[in-house]
Amino acid sequence: MTFETILPIPNIFDAKRVLCIQPHYDDNDIAAGGTFTQLTQNGTEVIYLTVTDDLAGVVDLSLSKQSALQALEQDQLKAGKIIGVKEQILLNYPDAGEYDYFALRRDILKYIRLLQPDFVCTCDPWLTYEAHRDHIQTGHAVAEAVLFCNLLKIRSSDPVVDAAYKGHSIDGVGFYYSREPNQIVDVTSTWEAKVAAIRSYATQIPADDANQIVVALQYKSQQLCADKDFKYGEPFKMLHPRALHCGI
């Protein structure tokens, strides 16, 4: 008996509302923009929550903080329109800076309880050799928030949200940037939308760098899809929330 036969792999395409929580403003689209575009095309409500302010990666050092934030927001709105994102939520923790893990978990709990998604996606914090703490903290905080969302003794950052929350079911959590995927989503039909979204992040990704990212993603996709009957794919570790504790 395999692990997946005890806890079946959840199907993200059954979801009505998906909350996609990313450490930086471009991670959702670089990793899974094709999948999220398919979801929105199918009528699924897709919401992006971005943890950091992204200021550390701004290419033009002459920009003031306010100008940089405005440029980043315009990039994100442009990409979100391509993907079909319904809403963009910004937490504005300092990019590559110091912030409290438990404060982040409380904020993520707040939005899970407020929005009540039936599926949550984020980066895999257990990625081999992941050095960026923003990714590690985001992935861990999301995993714990999914696990704890119905335990009301564990407070979010908003007591009003907690008081109104009556509990809900999260059917699955999808980790992208994973070395141990259990599903490759066929995104051949939405690959160009993903590429266009990636090219929208010009405040952090100059055109030449965007070209390199696209080539790398194409090469990775060729590896993933070598034994598939489709050209482009995005890997996920899809788990039932109960799989996030003790492997049961």
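Trainee: Is Asn-92 buried, partly exposed or exposed?

Mentor: Good place to start! Keep in mind that this is a predicted model. Relative accessibility is what you read here, and anything from 20% to 50% falls in the middle class. Asn-92 has 44% relative accessibility, so this residue counts as partly exposed. Asn-92 sits in strand 3, which covers residues 87–93.

Trainee: What is the sign of phi at Asn-92?

Mentor: Start with the general idea: most residues other than glycine have a negative phi. Asn-92 is not a glycine, yet its phi is positive, at about 60°. Gln-116 also has a positive phi, near 50°, and is likewise a residue other than glycine.

Trainee: Where is Gln-116 found, and how accessible is Gln-116?

Mentor: Gln-116 belongs to the loop between helix 4 and strand 4. With 38% relative accessibility, Gln-116 counts as partly exposed.

Trainee: Now the helices. At what angle do helix 4 and helix 5 cross?

Mentor: To read a helix pair, look at the angle between the axes and how close they come. For helix 4 (residues 101–115) and helix 5 (residues 133–148), the axes cross at roughly 50° and come within 9 Å. The two helices are therefore oblique to each other. The crossing of helix 4 past helix 5 is right-handed.

Trainee: Which residues make that contact?

Mentor: On the helix 4 side, they include Tyr-101, Leu-104, Arg-105, Ile-108, Leu-109 and Ile-112. Helix 5 contributes, among them, Gln-137, His-140, Ala-141, Glu-144, Ala-145 and Phe-148. Sorted by class, the contact holds 10 nonpolar, three polar and three charged residues.

Trainee: Can we zoom in on one of them? Is Ala-145 buried or exposed?

Mentor: Ala-145, in helix 5, has 0% relative accessibility and therefore counts as buried. Setting aside neighbours within four places in sequence, Ala-145 is in contact with Arg-105, Ile-108, Leu-109 and Ile-112. Try following the chain between Ala-145 and Arg-105: they are 40 residues apart along the chain, while their C-alpha atoms are separated by 6.2 Å.

Trainee: And Arg-133, is that residue buried or exposed?

Mentor: Arg-133 is also part of helix 5. Its relative accessibility is 57%, so Arg-133 counts as exposed. Between the C-alpha atoms of Arg-133 and Gly-97 there are 8.9 Å, with their positions 36 residues apart along the chain.

Trainee: How are helix 3 and helix 7 oriented to each other?

Mentor: An angle over 145 degrees counts as roughly antiparallel. Helix 3 and helix 7 pack at about 175°, with axes 8 Å apart, and are therefore roughly antiparallel. Ala-79, Ile-82 and Ile-83 of helix 3 meet Ala-193, Ala-196 and Ala-197 of helix 7. By class, this contact has six nonpolar residues, no polar and no charged ones.

Trainee: What angle does helix 2 make with helix 7?

Mentor: Here the angle is about 135°, and the axes are 8 Å apart. That makes helix 2 oblique to helix 7, and their crossing is right-handed. Helix 2 brings residues including Asp-29, Ile-30, Ala-31 and Thr-37, while helix 7 brings Ala-193, Lys-194, Ala-197 and Ile-198. This contact has six nonpolar, three polar and two charged residues.

Trainee: Which residues touch the most other members of the largest nonpolar core?

Mentor: To read a core, follow buried nonpolar side chains from one to the next. The largest one has 36 residues, and Val-18, Phe-36 and Cys-121 touch the most other members. Elements giving two or more residues to this core include strand 1 (17–22), helix 3 (65–83) and helix 8 (207–224). Helix 2 gives the largest share, five residues.

Trainee: What does Phe-36 touch?

Mentor: Not counting residues up to four places away in sequence, Phe-36 touches Cys-20, Asn-28, Val-46, Tyr-48, Ile-83, Cys-121 and Tyr-176. There is also a second, separate core of 24 residues, with Leu-19, Ile-21, Val-51 and Ile-170 among them.

Trainee: One last residue: where is Gln-204?

Mentor: Gln-204 lies in the loop between helix 7 and helix 8. At 17% relative accessibility, Gln-204 counts as buried. Leaving aside neighbours within four places in sequence, its contacts include Tyr-25, Asp-26, Asp-54, Leu-72 and Asp-95.

Technical notes:
Residues are numbered from 1 along each chain as its sequence is written. This is a predicted model: local features need pLDDT of at least 70, side-chain atom pairs count only at pLDDT 80 or more; totals for chains, interfaces and linings use all residues. Side-chain values use heavy atoms; hydrogens and water are left out. Axes are lines fitted to C-alpha atoms, for helices over the stretch in contact, and angles run from 0 to 180 degrees between N-to-C directions. Helices (H or I, at least four residues) and strands (E, at least two) are DSSP runs, numbered from the N terminus. Angles under 35 degrees count as roughly parallel, over 145 as roughly antiparallel, 65 to 115 as roughly perpendicular and the rest as oblique. A crossing is left-handed if the near helix is turned anticlockwise from the far one by less than a right angle, and right-handed if clockwise. Contact means heavy atoms within 4.5 Å. Ala, Val, Leu, Ile, Met, Phe, Trp, Tyr, Cys and Pro count as nonpolar, Asp, Glu, Lys and Arg as charged, and the others, Gly among them, as polar. A nonpolar core is a set of buried Ala, Val, Leu, Ile, Met, Phe, Trp, Tyr and Cys residues joined through side-chain atoms within 4.5 Å. Buried means under 20% relative accessible area, exposed over 50%, partly exposed in between (1.4 Å probe, protein chains only).
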